[in-house]
Amino acid sequence: MSAQNLETATVANANTAPNSAESTVGTTRVKRGMAEQLKNGVIMDVVTPEQAKIAEDAGAVAVMALERVPADIRKDGGVARMSDPDMIDGIIEAVSIPVMAKARIGHFVEAQVLESLGVDFIDESEVLTPADEAHHIDKWAFTVPFVCGATSIGEALRRIAEGAAMIRSKGEAGTGNVVEATRHMRAIRSEIRRLGTLDETELFDAAKEVRAPYDIVKEVARLGKLPVPLFSAGGVATPADAAMMRQLGAESVFVGSGIFKSGDPAKRADAIVQAVLHYNDPSVIAKVSRGLGTAMVGINLDDLDETERYAGRGW
Amino acid sequence: MSVPPIIGVLALQGDTAEHLRVLDGLGVPGTPVLRPEHIDEVHGLIIPGGESTTMAKLAVRYELMEPLRKHVGEGLPVYGTCAGMIMLADRILDGIEGQQSIGGIDMTVRRNAFGRQTESFEAQVDIEDTDGGPLDAVFIRAPWVEAVGDRVRVLGKIAHGERTGRIVAVRQGALLATSFHPELTGDTRIHRLFVDMVKGQA
């Protein structure tokens with residue numbers, strides 16, 4: 001049996017099949033399956049129904065509805081929270097592609113509210129101000145699937161243990177600087193490769209080392225990948241950024257401030273969609289990178305104080 | 001056909017990799033299809049799950065829609081799952097304005113008919129043309145088939161519960177479509193049926 005074959009079998013066995021006659025919502029297969037459907041697609045941050053339409057027309061596979069893009073959350077300061085339900089309703093009304101929304105880390109009531117609004121995915125996000133300094137949301141308790149950020153394999157696997165159906169790199173949102181996303185993607189992918197080289201005995205120790213449940217560590221070692229899709233986020237601003245994340249092993253990208261903080265959002269959105277598809281073809285990346293207008297200005301991370309960094313949020 | 005056929009999986013958006021993995025498990029060579037010329041190299045094509053409006057938009061923008069229609073017209077065997085079912089439908093309800101499809105199956109499909117993601121579900125489906133009892137099927141923001149023409153054979157309906165009787169699998173000639181995602185469950189019966197169709201054995 002090949003590795004690929006095993007993987008299919010694992011997905012089937014690891015999850016509860018419907019027990020007889022009743023159909024069931026919110027199963028692991030249904031949640032992870034939703035994440036699988038988003039692969040190869042670009043998820044774009046939008047703050048108005050108009051932006052959501054632009055994103056949809058440009059070929060976004062989903063939109064992230066929020067009140068302020070991360071670049072503005074940075075600028076404004078203060079506590080950043082879940083968006084106004086009216087605003088989320090407006091975006092759900094405006095587009096027919098899936099709509100995601102952000103809840104604060106650990107804020108399970110914000111997540112309950114978002115689920116009741118009918119969003120298709122919740123991002124438990126470090127971009128908002130954390131609501132709990134020790135605990136993330138128990139994501140098994142929800143019907144709606146969650147995506148969570150990670151900077152390392154341990155963080156990724158703890159989130160999966162809590163029920164996350166998708167993992168994304170944290171990067172450093174709202175900076176237009178891809179360096180942190182690169183660091184996180186490289187760290188996660190290299191740790192996955194390392195786990196694949198360990199024997200059974202060593203895997204017990206590895207689980208302790210990365211502070212994640214042994215069963216999931218073992219599953220990753222066997223699959224050579226996470227058991228859920230891995231996307232990249234945080235600082236992706238150009239088609240080349242997006243293509244680099246894919247070459248580093250991301251199955252697709254989230255683009256936050258990068259699109260609507262740029263000179264020509266519709267054109268840049270389309271360019272990033274194409275770059276995600278043709279990430280291995282530099283001639284396509286070159287073509288779509290022409291005449292895009294100004295990219296978001298961006299922040300050099302040396303200019304960011306430790307306390308202003310979002311990637312350190314989450315435990 | 002003595003050599004195994006090559007089956008392409010449309011790679012514009014969605015869970016292309018999962019279908020390729022199933023084909024690999026069956027020992028059938030699979031290949032992603034991203035450019036018009038790739039279609040000429042395959043004996044059958046799978047259109048994966050994903051977001052149908054995005055997939056259709058990209059197919060038009062990257063000039064795949066017309067070649068796909070041409071090949072379907074010429075009898076290329078095609079299997080569509082979820083978004084792929086919508087792509088094979090002659091008529092779409094609840095799509096976006098001007099949503100295009102490849103077409104080929106004389107059916108009316110209602111997009112997101114079972115609801116948004118929080119209403120996505122698993123259920124058992126009775127399927128004709130496969131042995132081994134009902135399939136455990138995963139439905140994700142899934143469509144259903146609202147009406148079919150005379151040439152379309154209904155292969156599967158939901159077997160139990162409030163959604164009983166909804167048409168979720170159909171076949172018309174060399175074209176096969178399901179609302180659900182067999183690529184996510186490890187049950188390879190539908191893929192094997194399609195491979196047999198590509199080989200001209202079903």
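1. Of the 102 residues in the largest nonpolar core, which touch the most other members? In this predicted model, they are A:L157, A:I167, A:L226 and A:M245 from chain A, together with B:L12, B:I47 and B:M107 from chain B. A second, separate core has 29 residues, and B:V9, B:F121, B:V195 and B:M197 are included in it. As background for a new reader, nonpolar side chains tend to be buried together in soluble globular proteins.

2. B:M107 deserves a closer look, as one of the residues that touch the most other members of the largest core. When its neighbours within four places in sequence are left aside, B:M107 is in contact with B:M85, B:L88, B:A89, B:D90 and B:R91, and also with B:V145, B:A147, B:V148, B:V170 and B:A177. The list of contacts therefore holds charged residues such as B:D90 and B:R91 beside nonpolar ones.

3. Helix α9 of chain A, residues 200-210, shows how a helix can have two sides. A:L203, A:A206, A:A207 and A:V210 are buried in this helix. Because these buried residues fall within an arc of 105° when seen down the axis of α9(A), they line one face of the helix. On the other side of α9(A), the residues A:T201, A:K208 and A:E209 are exposed. The cover over the buried residues of α9(A) includes three helices of chain A, namely α7 (153-161), α8 (179-196) and α10 (214-223).

4. Helix α5 of chain A, residues 85-94, can be read in a similar way, with A:M87, A:I88, A:I91 and A:I92 buried. They cover an arc of only 140° around the axis, and so they sit on the same side of α5(A). A:D86 and A:E93, on the other side of α5(A), are exposed. Among the elements of chain A that cover the buried residues of α5(A) are the strands β2, β3 (62-65) and β4 (99-104), along with the helices α3 (49-58) and α6 (108-117).

5. Helix α2 of chain A should be read separately, since α2(A) is mostly covered and ten of its ten residues are buried. The buried residues of α2(A) include A:V30, A:M34 and A:A35, but also A:R29, A:K31, A:R32 and A:E36.

6. The loop between α2 (28-37) and β2 (43-46) of chain A holds A:N40. Is A:N40 buried or exposed? A:N40 is buried, because its relative accessible area is 13% and the cut-off for buried is under 20%. Not counting residues up to four places away in sequence, A:N40 touches A:R246, A:E251, A:S252, A:V276 and A:L277 in chain A, and B:A11, B:L12, B:Q13, B:G14 and B:T16 in chain B. A:N40 and A:A173 are 133 residues apart in sequence, and their C-alpha atoms are 21 Å apart in space.

7. The largest pocket has a volume of about 770 Å³. Of the 32 residues that line the largest pocket, A:R246, A:A250, A:E251, A:Y279 and B:A17 lie nearest its centre. Two or more lining residues come from each of α8 and α11 (239-247) of chain A and α1 (16-25) of chain B, and α1(B) gives the most, with five residues. By class, the lining of the largest pocket divides into 13 nonpolar, ten polar and nine charged residues.

8. The model also has four cavities of 30 Å³ or more. The second largest cavity holds about 190 Å³ of space, and of the 23 residues in its lining, A:D45, A:A173, A:A233, A:G234 and A:G256 lie nearest the centre. In chain A, β5 (121-125), β9 (254-255) and α12 (257-260) each supply at least two residues of this lining. The lining of the second largest cavity has nine nonpolar, eight polar and six charged residues.

9. Two loop residues have backbone angles that a reader may wish to check. Phi of A:R211 is near 55°, a positive value in a residue other than glycine, and A:R211 is placed in the loop between α9 and α10 of chain A. A:R211 is exposed, with a relative accessible area of 56%. B:N112, in the loop between β6 (105-110) and β7 (121-127) of chain B, has a positive phi near 50° and is likewise a residue other than glycine. B:N112 is partly exposed, with a relative accessible area of 22%.

Conventions: Residues numbered from 1 in each chain as written. Chains lettered and ligands numbered in written order. Predicted model: local features only at pLDDT ≥ 70, side-chain atom pairs only at ≥ 80, totals over all residues. Heavy atoms only, no water. 1 Å grid on protein atoms, 1.4 Å probe; cavity = no way out; pocket = protein on both sides within 12 Å on 5 of 7 lines; lining within 4 Å. Points joined across faces, edges and corners; volume = space filled by probe spheres on them. Helix = DSSP H or I, 4+ residues; strand = E, 2+ residues; numbered from the N terminus. Core = buried A, V, L, I, M, F, W, Y, C linked by side-chain atoms within 4.5 Å. Buried < 20%, exposed > 50% of the residue type's maximum accessible area, 1.4 Å probe, protein only. Contact = heavy atoms within 4.5 Å. Arc of directions from axis to C-beta.
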